[in-house]
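I opened this notebook page to record what I looked up about the strands and how they pair. The entries follow the order in which I checked them.

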Amino acid sequence: YNAGTTTIAETVLSGNTARRGGAIASLTTPRKTFLYVDDTCISGNAADHGGAIAVDELVAGSALAAITNSTITGNFARVSRGGGIYAGPYATVTIYNSIVAQNQAVIEGNDIYRWQREGVSEDLYAVIEGAHSLIGDGSGMVGISDGHNGNLVGTAQGPIDPKFVDPGKRDYRLTENSPAVDAGDKGAGRIHQRDTALLGFNERKKNPLYDRQPLLIPPVHGR
């Protein structure tokens, strides 16, 4: 739970449940909140909305989240929206060099849900931004478009499969024919890969998006 400024880096978040944000809930109190997630795998979490992450607030411009070099997959919004990420009113979520795919929601926004309502001022709408990312099903949001800023975005009818090696065994490496291979920002700093056995880091000379994907993820519980 984030009610201020929180940074989560080089971490695995798996097997958590909550009402909002199965792994992470970033909520205003009413002060501004900032959430930064980097080099992290968020998988196998569940919540009423925001299966992995909920960025939610009631004060304009008060909830900001940045997700970089991370994988969000296999999470579930069991009641409502945003299987991967739920962005509530006034929230701003930026996704860079990341994969958000193969999440599920009961109502809409399997991977990402952007809050909006007919008859409500667009000033209240959540803002979703991103570059060099793969969004499996972008039907629940606007702001990240397929083919723009290096993004790959699928639809509900035609979701993009990131082609993980074996998601059933929590092996989120990319296969050689994955659409995410060579799709990252090659100018982005360090090139590391999560070690399959120790969850440490090994250097690899491949593209950043591939190398920054978490690999074999053992069961982990708790925030």
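Which residue of β9 does Val 37 stand opposite? I looked this up in what is a predicted model, and I found that Val 37 stands opposite Ile 67.

I then took the strands around that pair: β5, which covers residues 33-38, pairs with β9 in the parallel sense, and I counted six bridges between them. As a general reminder to myself, strands of a sheet pair through backbone hydrogen bonds, either parallel or antiparallel.

Next I turned to the burial of β9, which spans residues 63-68, and noted that five of its six residues are buried, so the strand is largely enclosed by the rest of the structure. The cut-off I applied for buried is under 20% relative accessible area.

I followed β9 to its pairing with β13 (residues 92-96), where five bridges join the two strands and the sense is again parallel. Within this pairing I noted that Thr 68 has Tyr 96 in β13 as its bridge partner.

From β13 I went on to β17, and these two strands also pair in the parallel sense, over five bridges. Here I found Thr 94 opposite Glu 129 of β17.

Finally I wrote down the whole arrangement, which is an open sheet of five strands in the order β1-β5-β9-β13-β17, with parallel pairing. Its edge strands are β1 (5-9) and β17 (127-131), each of which pairs on one side only. For the twist from one strand to the next, I recorded an average of 10°.

Methods. Residues numbered from 1 in each chain as written. Predicted model: local features only at pLDDT ≥ 70, side-chain atom pairs only at ≥ 80, totals over all residues. Heavy atoms only, no water. Buried < 20%, exposed > 50% of the residue type's maximum accessible area, 1.4 Å probe, protein only. Helix = DSSP H or I, 4+ residues; strand = E, 2+ residues; numbered from the N terminus. Pairing = 2+ DSSP bridges. Axes fitted to C-alpha atoms, helices over the stretch in contact; angles between N-to-C directions.
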